[in-house]
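Colleague: I have the model open and would like to practise reading it with you. Could we go through it feature by feature?

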Amino acid sequence: MLRLFAVQGTWNYERMLGVGMGYAAEPLLEDLKAVDPVRHGEAVARSAEFFNCNPNLAGLALGAVTRAEYEDIPGPQIARLRTALCSPLGAMGDELFWAGLVPALMGAALVGVVLGAGWWAIAGFILAYNGIRLWTSYWSLRLGMQSGMRVGSAIGASWLPRAIELIGPVAAFTIGAALPLVAAWYLTAFGWPAGIGAAGVTMAGIALTRWFAPFLTPVRFALAAMIFLVILRRVGV
Amino acid sequence: MSIVLCRIDDRLIHGQVVIGWGRAMAIDLIILVDDQVATSDWEQELYRMAVAPEIEVRFVTLADAALHMADWQSNGKRGLMLTGDVETMATLRTSNPEVVQRINLGGIHHRPGRRERLPFLYLTDQELRSLQLLEAGGAIITAQDLPTTPPVALKSLA
């Protein structure tokens, strides 16, 4: 479990999470050495091959593949299981964490800051995010170890798909609540001209990111707008 | 509509395919051409999990794909046809060059014998020669992992 925290420690284009997965699998495969040393060697090598998914759900793959090794499933089938798991664990993990939990908690923390909770809101965000992340890693590894090759059905029957459905609207709600509150909090001291300017930049962002999509993403527009505003400020406009 | 993207990606269906290209090109049909996945229920179950319910996913063998490509070209959906290796895409191109006109090299990763051509693209010399032959036969081949990154022409990968 602790080794899963370092799963991205040797991330590279050649194997992505592969070496990190091998490092995490090594103690789990230790008992196989006494039973079948040849199989153990193959399993360790296989565990470090190319792999990629969301790091918070990597335990599902680690557990499932480890169990499959102990159940003497043929090597090529285990390799296909690893490949097939990249897809749902990447997509579901990204939706749950990067597109769901992180914006949901950030929105809640921003609302907390504006309403006067100050550093407590920031501390709450850090504790809540890491607490959920740690628990999910533990749950993932356990479910993977319990289900082995049946991990697909186990994921489908778990809380994960339902949580992904719910977290999107929650994230939209907290960010939607935070944006006007934060904008009002920032802009009140600068009066109407700043409000009109911010609204103008927002409208331009919506139009340009649609017009020049997919090259001009919202993040790229925001960075360009910030650089532009800093330059304007430097030249005194 | 038609098949709007033919992609080679050894990770098959994953985030870059579903979110990166799928959303940008308004894809509503993904056709995965892979003989092993087409006959494996548990693999299909896993790949389906990564795709939103409104996008249809079909798992077909190479032989079935060669038979049905013309139908997919005119079935009213915007399709993305995906293979896990160069050889399968080359066979599809031979079967129906009108459907497989442009080939996107989306991700072919490290394996013994392959050499890095781009960070997301490793090819053996044989695979590169196969792609060059396809291009000489009229296919337009570029390497591009996401729609937001610039495409790289095949000739600069040698």
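Colleague: Let's begin with helix α1 of chain B. Which of the residues of helix α1 (residues 15–24) of chain B are buried?

Modeller: Start with the general idea: an α-helix has 3.6 residues a turn, so residues three or four places apart point the same way. In this predicted model, the buried residues of α1(B) are G15(B), V17(B), V18(B), W21(B) and G22(B).

Colleague: What do the buried residues of α1(B) pack against?

Modeller: They pack against β1 and β4 of chain B, and also against α5 of chain A. Just past the helix, look at A26(B), which takes a positive phi of about 50 degrees.

Colleague: How much should I trust the coordinates?

Modeller: Where pLDDT is low, the predicted coordinates should not be read in detail. For chain B the mean pLDDT is 92, with 99% of its residues reaching 70 or more. For the complex, the predictor gives an ipTM of 0.73 and a pTM of 0.80.

Colleague: Now the sheet. In what order do the strands lie?

Modeller: A good habit is to list the strands across the sheet and then ask how each neighbouring pair runs. Here 7 strands of chain B form an open sheet in the order β3-β2-β4-β1-β5-β8-β9, with mixed pairing. Its edge strands are β3 (56–60) and β9 of chain B, each of which pairs on one side only.

Colleague: Can you walk me across it, beginning at the β3 edge?

Modeller: Happily. β2(B) and β3(B) run parallel and are joined by 5 bridges, with L29(B) opposite E56(B). On its other partner, strand β2 (residues 29–33) of chain B is joined to β4(B) by 5 bridges, again in parallel; there L29(B) has G79(B) as its bridge partner. So you can use L29(B) as a landmark for both pairings.

Colleague: And from β4(B) onwards?

Modeller: Strand β1 (residues 2–9) of chain B pairs with β4(B) over 6 bridges in the parallel sense, and L5(B) stands opposite L80(B). β1(B) also pairs with β5(B), parallel, over 3 bridges; I8(B) has L105(B) as its bridge partner there.

Colleague: How do β5(B) and β8(B) run, parallel or antiparallel?

Modeller: Parallel: 4 bridges join strand β5 (residues 102–107) of chain B to β8(B), and N104(B) stands opposite T142(B). The pairing of β8(B) with strand β9 (residues 152–153) of chain B is antiparallel, over 2 bridges, and A143(B) is partnered with V152(B).

Colleague: How do I see which strands are enclosed?

Modeller: Count the buried residues along each strand. In strand β4 (residues 78–83) of chain B, 5 of the 6 residues are buried, so the strand is largely enclosed by the rest of the structure. β1(B) is mostly covered too, with 6 of its 8 residues buried. Strand β8 (residues 140–143) of chain B has two faces: I141(B) and A143(B) lie on the covered one, I140(B) and T142(B) on the uncovered one.

Colleague: Which strands does helix α3 of chain B touch?

Modeller: For a helix on a sheet, note the strands touched and then the angle. Helix α3 (residues 62–72) of chain B packs on the sheet and touches β1, β2, β3 and β4 of chain B, its direction making about 150 degrees with that of β2(B).

Colleague: How do I judge the overall form of the chain?

Modeller: First tally the elements: chain B has 5 helices and 9 strands. Its radius of gyration is 15 Å, close to the 15 Å that the globule rule gives for 158 residues, so chain B is as compact as a globular protein of that length. Of those 158 residues, 39% count as buried. Among contacts in chain B with a separation of 6 or more, residues 24 or more positions apart account for 69%.

Colleague: Last one: how many residues does each chain bring to the contact?

Modeller: Chain A brings 23 residues and chain B brings 21 residues. On the side of chain A that touches chain B, α5(A) gives the largest share, 11 residues. That side divides into 12 nonpolar, 7 polar and 4 charged residues. It ties back to our starting point, where the buried residues of α1(B) pack against α5 of chain A, among other elements.

Definitions and conventions:
Residues numbered from 1 in each chain as written. Chains lettered and ligands numbered in written order. Predicted model: local features only at pLDDT ≥ 70, side-chain atom pairs only at ≥ 80, totals over all residues. Buried ≥ 20, exposed ≤ 12 C-beta atoms within 10 Å, placed from the backbone. Pairing = 2+ DSSP bridges. Contact = placed C-beta atoms within 7 Å. Nonpolar A, V, L, I, M, F, W, Y, C, P; charged D, E, K, R; others polar. pLDDT = per-residue confidence, 0-100. Axes fitted to C-alpha atoms, helices over the stretch in contact; angles between N-to-C directions. Rg over C-alpha atoms; globule rule 2.2 N^0.38 Å.
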